[in-house]
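I sat down with this model to look up a few things and kept short notes as I went. Here they are, in the order I made them.

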Amino acid sequence: MAKYVGAVDQGTTSTRFIIFDRAGRIVGLEQKEHEQIFPKPGWVEHNPLEIWKNTQEVIRGALAKTDIEGSDLAAIGITNQRETTVLWDKNTGKPYNNAIVWQCTRTDEICNELIKDGGQDRFREKTGLPVATYFSGPKIKWILDNNPDTRDAAQKGDVYFGTMETWIIWWLTGGPAGGAHVTDVTNASRTMLMDLRSLKWDDDILRFLNIPKQILPEIVPSSDTDYWGFTANDGPVGARIPVCGALGDQQAALVGQHCFETGQAKNTYGTGCFLLLNTGTKPVPSKHGLITTLAYQITGQGPVYALEGSIAVAGALVQWLRDNLGIISKAPEVEDLARKVEDSGGVYIVPAFSGLFAPYWRSDARGVMVGLTRYANKGHISRAVLEACAYQTRDIVEAMNKDSGVSLAHLKVDGGMVHNDLLMQFQADTLAVPVIRPKVTETTALGAAYAAGLAVGFWSGLEELYENWNAEKTWQPAMAEEDRERGYVGWKKAVERTFNWVE
């Protein structure tokens, strides 16, 4: 009898394979980073073949390190960086371009043309999304418009489009030899091409963007009892295992954090920062700059929706401090430096490296560091880096409270940055609510494992999953109201300085 479930976590900077037991505990993990490609300012790419190669290596590595056989896995789920777009030849598996990453701003002109004709919200009623460079639809159009070979091949029916879970699922289940071409509802909801209510590709939007429907994958539930396919005995798993669960990374974290009830929310601190609020079985339109998105869908059940606030740069700001400025040599050092000062010394950093996402949606914005005096040192800058993550989250929470009509009571957190105690305490302080970290912080991969495990009956249902969640640490707010508001007023002034930088 299978004892474990495996999850591929295909993230922005690395790919991991994590093996979970029935209690949701990690029993095996392997990780490998991939190259970040920056061909021009504002452009971000990944090599899809490198990512598939790394996926195979981390699967083999995690199994080998733990002496677990592939046949011990009940199922495999996938979670992924969302919106990142790849088009490939379905006969050979060769990509037509590098994958265009969710952070990339090359589709700015396409989006501006769409906005000019119908406003930023022209597709929001159907898709829940503003017109923005963030989403996959404009990226598909850019590839088709800028690579004539791709456009010709697409008309002939030889091209497949996918976000990264689609790419990985296709290869895991056979690739050119009959691999499944599917995308789950959560990833489909990030393309700007899917109708939120029908869960189908929208013909009108496809026509506006001149995207042929035949290149798109089939939309499927996140946890699917109709398995999409099986891994091969001679593949990286070394056994025939069903592939039947997929969730975009932030929705996976929502599931991994057990936010199954309306009103429950989580925030993930990764490359970007993403706060999702479960809004139940009906989509809630946002009037304050948030995204209406799919939270998850289980076979035979209706979809569950969420409001989301998306922040482009969070952990990536620490990487910038390390790689571009050389102020730190390792990411954890940012907390050590920040603790050497009492506060940020009036310094604010707004990391609008690729524009600002929610709740502003300003592609014309660029990053600023303000409030500098001769007093400021690298400790103040390090502290401003951490505070930027917390302040951006407060922007989202303020908008979410207005849209939902309910004030956030507490915030569940996960992702790599939640081990930074200084950041978590400042987050509680600036939100004025408790911040709660679970014992298992790899909630993104855990959510994908849950999706796959539920599909094969490894877990009986959502009720059984509740037993797996336990809090490890809670930070209580400890800042005076006057200090909290003074700091936030300064942040809002700093954000305004980023606007209108790009003409």
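The entries below cover the ground rules, a sheet, a helix, two residues and the empty spaces.

**Entry 1: ground rules.** I am working with a predicted model, where local features need pLDDT of at least 70 and side-chain atom pairs count only at pLDDT 80 or more, while totals for chains, interfaces and linings use all residues. Residues are numbered from 1 along each chain as its sequence is written, and side-chain values use heavy atoms, with hydrogens and water left out. My helices (H or I, at least four residues) and strands (E, at least two) are DSSP runs, numbered from the N terminus.

**Entry 2: the sheet.** I looked up an open sheet of 6 strands and found the order S3-S2-S1-S5-S12-S11, with mixed pairing. S3 and strand S11 (229-230) each have a single partner strand, so they stand at the edges with one side lacking a neighbour in the sheet. Two strands count as paired if DSSP finds at least two bridges between them.

Next I followed S2 to its partners. Strand S2 (residues 14-20) runs antiparallel to strand S3 (residues 26-33), with 7 bridges between them, and Ser14 sits opposite Glu33 in S3. The two strands make a hairpin with 5 residues between them, and Gly24 in the turn has a positive phi of about 80°. S1 and S2 are also antiparallel, joined by 6 bridges; Gly6 has Ile19 in S2 as its bridge partner.

**Entry 3: helix H1.** How far apart are the end C-alpha atoms of H1? They are 27 Å apart, which agrees with the 27 Å expected for the 19 residues of helix H1 (residues 48-66) at 1.5 Å a residue. The expected span is 1.5 Å times one less than the number of residues.

At the N-terminal end, Asn47 caps H1 with a side-chain oxygen 2.9 Å from the backbone nitrogen of Leu49. Just after the helix, Asp67 has a positive phi of about 55°. I also listed buried residues (under 20% relative accessible area, with exposed over 50% and partly exposed in between, 1.4 Å probe, protein chains only). In H1 these include Ile51, Trp52, Thr55, Val58, Ile59 and Ala62.

**Entry 4: two residues.** Is Gln427 buried or exposed? Gln427, in helix H13 (residues 421-431), is buried, at a relative accessible area of 0%. Contact means heavy atoms within 4.5 Å. Beyond neighbours within four places in sequence, Gln427 has contacts that include Tyr269, Cys389, Thr393 and Arg394.

Ala265 belongs to strand S13 and is buried too, at 6%. Its C-alpha lies 5.5 Å from that of Leu276, 11 residues away in sequence. Leu276 is among the residues Ala265 touches, as are Cys259, Leu408 and Lys412, not counting residues up to four places away in sequence.

**Entry 5: empty space.** I used a 1 Å grid over the protein atoms alone: a cavity is a set of points where a 1.4 Å probe fits but cannot get out, a pocket is an open set with protein on both sides within 12 Å along at least five of seven lines, and lining residues have an atom within 4 Å of a point. Points are joined across faces, edges and corners, and a volume is the space filled by probe spheres set on them.

The largest pocket has a volume of about 1100 Å³. Its lining has 43 residues, with Tyr269, Gly270, Thr271, Gly415 and Gly416 nearest the centre. H10 gives the largest share, 5 residues.

I found 3 cavities of 30 Å³ or more in the whole structure, and the largest has a volume of about 90 Å³. Of its 16 lining residues, Ile311, Leu356, Phe357, Ala358 and Gln392 are closest to the centre.

How values were computed: Polar contact = N/O pair within 3.5 Å; in protein donor to acceptor, adjacent residues only side chain to side chain.
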